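User: I am new to reading protein models, and I would like to learn how to go through one feature at a time. Could you take me through this one?

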Number of protein chains: 2
Amino acid sequence: MSSIKDVAKMAGVSVATVSRVLNDKGYVGRDTREKVEKAISELNYKPNEVARSLFKKQSSTIGLIVPDIMNPFFTELARAVEDTASNLGYNVILCNSDGNSKKEQGYLDVLQQNYVNGIIISSNTLTAEQVKAMNMPVVSIDREISRGLPTIVVENKNGAVAATQFLKKKGCKRIAHIRGTHGVVNAEERFEGYKEVVAAEEWYSDSYIVDGDYDMQTSVEATLDLLKRHPEVDGIFAANDIMAIGAIKVAHQLGIKIPEQLSIVGFDGIALTNVLTPELTTIAQPIYELGETAMNMLVGLMGQQPVHETYYKLEVTLIEKNST
Amino acid sequence: MSSIKDVAKMAGVSVATVSRVLNDKGYVGRDTREKVEKAISELNYKPNEVARSLFKKQSSTIGLIVPDIMNPFFTELARAVEDTASNLGYNVILCNSDGNSKKEQGYLDVLQQNYVNGIIISSNTLTAEQVKAMNMPVVSIDREISRGLPTIVVENKNGAVAATQFLKKKGCKRIAHIRGTHGVVNAEERFEGYKEVVAAEEWYSDSYIVDGDYDMQTSVEATLDLLKRHPEVDGIFAANDIMAIGAIKVAHQLGIKIPEQLSIVGFDGIALTNVLTPELTTIAQPIYELGETAMNMLVGLMGQQPVHETYYKLEVTLIEKNST
DNA sequence: CTTCATTAGGTAACCGGTTACACATTCAAT
DNA sequence: ATTGAATGTGTAACCGGTTACCTAATGAAG
């Protein structure tokens, strides 16, 4: 690898001049510029970003910490963040925390040491203190860490209300709910939305709520349990799509027809929902937009530009397919 | 952010000593070490990795270039690579090339400038020259760039043969094939495997082959076309799972029963296959192992340790579910 | 009492860039 | 002819670490 010194030597100028050519900064004579450019292309010289970062204290890299990239929601989010970052000239370091706070803190340390300019994170366990200790812009996505910190979330409660009301409107008489992971804010909010709609119904009891863990396996178990206890259930609102899919699988196994006997609504709007048969009715989040907004906000914060708005609560949309 | 100088000052020693404590290298007295450690924790000092990288010419970061993280195959691969990298103390910069060679080269440049230690890439367009120009270890995964370069692929042809023979054994009389993207080596190999099995059949003609592009949309169109021209088809081998799923969707639409009237086999073994109804019979690649092996090989190459083996062709496994 | 190996720790060069500052030249305006 | 602004380029400090090299003290062996 040739360095700026090699270029300088070959062009017969000082490194400062080469740097000026490189950055198009300061005065450089016509001839000199040409000589330098010739040397650069002849040596196929590429400036060393590490050296640059060291001086600038800016690495043009950001960290993205998600629980698990295998979760389709975060896959799409990651893609959105990476696209936007790439367009703006940033690199993305990918980190899978598995929702484990030890791993999370480990990644935070590593990112800090690598001079990343900022972080986008989806975490339940992170505290406001930890964020402050990072001493760099951190945007929280999908889950709110603390009021006042840059955050991008969606209308979880409204979405849940819409989902539940939609089931009611479709004629469902007994609507159950598969909850998301306990302790996760968005799961609580979706639960609240559900409860708000059904709490006043005369048939309602807490036994229509079962616990899932935002994944397939737990949802399958929860649904089996639910339908055993309440065979009369004719509508299920699952707190995310993966769990809704689990519920569909169970219904299939039990020979319950969807949507004739049982209607199911999910939440998230992951790409997977269109691949299934039946396709899933869901409350779609603008996932790509979430990632894009987060990245744009982060860039604003990193550039110490005045950032107008550091809290976004994006709208969700009911998308009707044939699971209802 | 406090630097090594602050620590040195606080502990009343030179920066060299602090560095020795940090790296546990060279001689450091008991008391001195304690003083330094106290200063470190008091200042919450974390060494600057950028400065370190500059000197070491090693950034402890690798690049991962995939066509699209949204493709479940690459999602799982990315997860495997990141897990392994993280365990070995490396960061992963994620790059989505969209199979676009311009984007690819752009990422390669950026990665090189960022002093990444190595690259794992899945590309059709990359040439051996480009790889050589990178002047750093590059491991090619899923697709072979050129003999001699570090590569990790699977037994595509054998897998395709197994899939096709399996359909035959299941009693299928007319077996069609949905091809993968033209120009992609693994698509060619899978096609060859299919052809090897059916070429000698008396019913066989090239019209049983339709072109897909490794995605849902093209597969749906291709399958519609296929089944219109050849309603007698009772077995389909799709070159990947996503396309197989597309075929299943079409069958559903046309009221064709799976597996009674039509059997379908995919290729890849993405997690999605277990989520569907019916679950998909597929030729499963050891995706996680692919990523793991690639990362381990890369670390070997980066550490200029003698790497025994730079070419892996991993086995695939037929997983029978209820789409056949 | 030397002598030399071992331990301890400081000084400064180096990694590859950027940029403040100094110095020189050119040229238009007075 | 004088002056000052604009232009062009080099020198060297700096970013925050690592490490080669040097000096000094200690202690065991001869």
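**Reading the surfaces, a pocket and a helix**

Analyst: We can begin with a surface sorted by residue class: in this predicted model, the residues of the surface near DNA strand C comprise 14 nonpolar, nine polar and six charged.

User: Which residues come nearest to DNA strand C?

Analyst: A residue is taken as near a strand when one of its heavy atoms lies within 4 Å of it. Of the 29 residues around DNA strand C, those that come nearest are A:S19, B:R20, B:G29, B:T32 and B:K57. Sugar and phosphate make up 67% of the atoms of DNA strand C that come within 4 Å of the protein.

User: Which elements supply at least two residues each of that surface near DNA strand C?

Analyst: In chain A they are α1 (4–11), α2 and α4, and in chain B they are α2 and α4.

User: How do I read a contact with a phosphate oxygen of DNA strand C?

Analyst: A polar contact is a pair of N or O atoms within 3.5 Å, and it helps to note whether the protein atom belongs to a side chain or to the backbone. An N or O atom in the side chain of B:T32 is 2.2 Å from a phosphate oxygen of DNA strand C, and one in the side chain of B:Y27 is 2.6 Å from a phosphate oxygen of that strand. For A:I4, by contrast, a backbone N or O atom lies 2.7 Å from a phosphate oxygen of DNA strand C.

User: Which element gives the largest share of the surface near DNA strand D?

Analyst: That share comes from α2(B), with four residues. Of the 28 residues around DNA strand D, A:R20, A:G29, A:T32, A:K57 and B:S19 come nearest, and sugar and phosphate account for 64% of the strand's atoms within 4 Å of the protein. A backbone N or O atom of A:G29 is 2.6 Å from a phosphate oxygen of DNA strand D.

User: What volume does the second largest pocket have, and which residues lie nearest its centre?

Analyst: The volume of the second largest pocket is about 1,100 Å³. Its lining has 32 residues, and A:L54, A:Y115, B:P47, B:N48 and B:A51 lie nearest the centre.

User: Is α11(B) mostly covered or mostly uncovered?

Analyst: Here a residue counts as buried under 20% relative accessible area. Helix α11(B) is mostly covered, with 11 of its 13 residues buried, among them B:D241, B:I242 and B:K249.

Terms used. Residues numbered from 1 in each chain as written. Chains lettered and ligands numbered in written order. Predicted model: local features only at pLDDT ≥ 70, side-chain atom pairs only at ≥ 80, totals over all residues. Heavy atoms only, no water. Polar contact = N/O pair within 3.5 Å; in protein donor to acceptor, adjacent residues only side chain to side chain. 1 Å grid on protein atoms, 1.4 Å probe; cavity = no way out; pocket = protein on both sides within 12 Å on 5 of 7 lines; lining within 4 Å. Points joined across faces, edges and corners; volume = space filled by probe spheres on them. Buried < 20%, exposed > 50% of the residue type's maximum accessible area, 1.4 Å probe, protein only. Nonpolar A, V, L, I, M, F, W, Y, C, P; charged D, E, K, R; others polar.
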